[in-house]
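Here is a short report for a reader new to this structure. Please look over the sequence and the model before reading on.

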Amino acid sequence: MLAADHFLAGPVLGIETSCDDTAVAVVVGGHVWTNRVSSQIPIHQRFGGVVPEVASRNHLQSILPTIETALRDVGLEGPDLAGIAVTNRPGLMGALLVGVQTAKTLALAWDVPLIGVHHIEAHCWAAMMAPPGTDRGAKQWSQPELPALALAVSGGHTSVFRVDGPGQSMVLGETLDDAAGEALDKFGKLLGLPYPAGPHVDRAARQGQSDRFRLPKGLKNRRDLAMSFSGLKTAGRQTIERVRAEGLDPAEHLADLCASYQLAAVTQLVDTTMRAARQYDLKDVIVAGGVAANSLLRHTLALRCEEQERRAWLTPRPYCTDNGAMIAGLGSALLARDQLDDPLTLDAQPTVRATLKARKESRDRAQGRRPK
Ligand code: KG4
Ligand code: ZN
């Protein structure tokens, strides 16, 4: 099978509004033709985090202009599209609704097929698409072999999945509390870094010593694939308080604090991922989502995969943080398999558990195991 065979040959529009980015892209046969993001980061920075109501209102303002720009980029009119893909789960309800209602309306007006896409599955599927710089005519490029293991790690989610195909993922393990991205953002905020702090922690950590402060590297004595970042968050706050109590200025120790904290978060992510790869005997390991842009995570995962003769698939950086390309990409693969949604009934679903857990349960049942 050629890499491009996973995708529909025609142009698919992808719309992403699940959080604070209004993102629109057009993907043709697995190639990203345009990838537009209208970011709300400067708007939410004032509040130190995403304000859901503000996000919805800004999506409303920017969605149609961003779609128009993307279509102009590729010289297409709406009815020329082979499909419209939209994130319909999970995410902030008001934010999701803007994308979903827009996509449903345009699908009906332009008489184009519609497909609702799972945000986290789309993050993982970005690894299957033609990497930036691939010749648009190419039908073949390097791609993970399925089934593959995927670590999806972002501001809202931290899970390991087995990816069997488009729309077919099974949760193998996930965080019991906070997402890794949230833990990085909160720690950076305590140190006065701007929202979202993840990339700033990454940058500061490059100049720091990661053995300067000792921080917890995950749940002890657990053989399952559960993760936890709330203990790290508390320990991070206490470490900053201790530095202050010693009469020191945390800002002057920013690099060491960031390096130590980042090492703890990355160690847990990589250890869990490699344990999952071993347990499920999966050779190809994908890392996806906003935190997949982190330099230490990319470096460490690549190294550990090499040591264990596995193949690491580091999502190209432009497709790590929220983007329309991954939505169009997974939508294109689902459309190629005729997995369409009804534009009159597609719903926005704010929670993730319902869908993915339900799928895991049904598999457990199918294999004669009692669902947990
Ligand atoms: O996937 P994403 O754009 O949105 C969600 O679905 O949550 O991920 C955003 C998260 C934020 O927590 C942000 O701080 C983090 O990704 N992030 C990073 C880096 N770039 C983005 N974290 C660590 N290092 C980075 N380089
Ligand atoms: Zn995301």
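The report covers strands, helices and the ligand sites of this predicted model.

## The strands at the start of the chain

Begin with strand β1, residues 11-16. A hairpin of 4 residues joins β1 to β2. The two strands run antiparallel and share 6 bridges. In that pairing, G14 has A25 of β2 as its bridge partner. G14 also stands opposite A85 in β4. There the sense changes: β1 and β4 run parallel, joined by 4 bridges.

Strand β2 spans residues 21-28, and 8 of its 8 residues are buried, so the rest of the structure largely encloses it. In a regular strand, side chains alternate between the two faces of the sheet. Both faces of β2 are covered. D21, A23, A25 and V27 are buried on one side. T22, V24, V26 and V28 are buried on the other.

## On to β3, β4 and β5

Strand β3 covers residues 31-39 and runs antiparallel to β2, with 8 bridges between them. A23 of β2 stands opposite V37 in β3. The hairpin of β2 and β3 has 2 residues between the strands. In this hairpin, G29 takes a positive phi near 55 degrees.

How many residues of strand β4 are buried? The count is 7 of 7, across residues 83-89. β4 pairs with β5 (residues 114-118) in the parallel sense, over 5 bridges. One example is V86, whose bridge partner in β5 is G116.

## A five-stranded open sheet

Further along the chain, 5 strands form an open sheet with mixed pairing. Their order is β8-β7-β6-β9-β10. Which strands stand at the edges? They are β8 (168-174) and β10 (311-314); each has a single partner strand, so one side of each has no neighbour in the sheet. From one strand to the next, the twist averages 25 degrees.

Within this sheet, β6 (residues 148-153) and β7 (residues 158-165) run antiparallel, joined by 6 bridges. L151 stands opposite V160 in β7.

## Two helices across the sheet

Helix α8, residues 254-279, lies across β6, β7 and β9 (284-288). Its direction is at about 160 degrees to β6. Helix α9, residues 295-307, lies across β6, β9 and β10. The angle between α9 and β10 is also about 160 degrees.

## The zinc ion

Ligand 2 is a zinc ion. Which protein donors does the zinc ion have? They are H119 (NE2), H123 (NE2) and D322 (OD), lying 2.1 Å from the ion. Along the chain, the donors follow the spacing H-x3-H-x198-D. H119 and D322 link distant parts of the chain, 203 residues apart. H119 sits in helix α4 (residues 119-125). D322 sits in the loop between β10 and α10 (324-336).

Are these two residues buried or exposed? H119 is buried, with a relative accessible area of 5%. D322 is buried as well, at 16%.

## Ligand 1

Around ligand 1 there are 18 residues. The closest are G155, D185, D202, G290 and D322. D322 is also a donor of the zinc ion.

Several side chains make polar contacts with ligand 1. An N or O atom in the side chain of D185 is 2.6 Å from an oxygen atom of the ligand. For D202, a side-chain N or O atom is 2.9 Å from a nitrogen atom of ligand 1. H119, a zinc donor, has a polar side-chain atom 3.3 Å from an oxygen atom of ligand 1.

Conventions:
Residues numbered from 1 in each chain as written. Chains lettered and ligands numbered in written order. Predicted model: local features only at pLDDT ≥ 70, side-chain atom pairs only at ≥ 80, totals over all residues. Heavy atoms only, no water. Pairing = 2+ DSSP bridges. Axes fitted to C-alpha atoms, helices over the stretch in contact; angles between N-to-C directions. Contact = heavy atoms within 4.5 Å. Donors = N, O, S within 2.8 Å, 3.2 Å for Na, K, Ca; no water. Buried < 20%, exposed > 50% of the residue type's maximum accessible area, 1.4 Å probe, protein only. Near = heavy atom within 4 Å. Polar contact = N/O pair within 3.5 Å; in protein donor to acceptor, adjacent residues only side chain to side chain.
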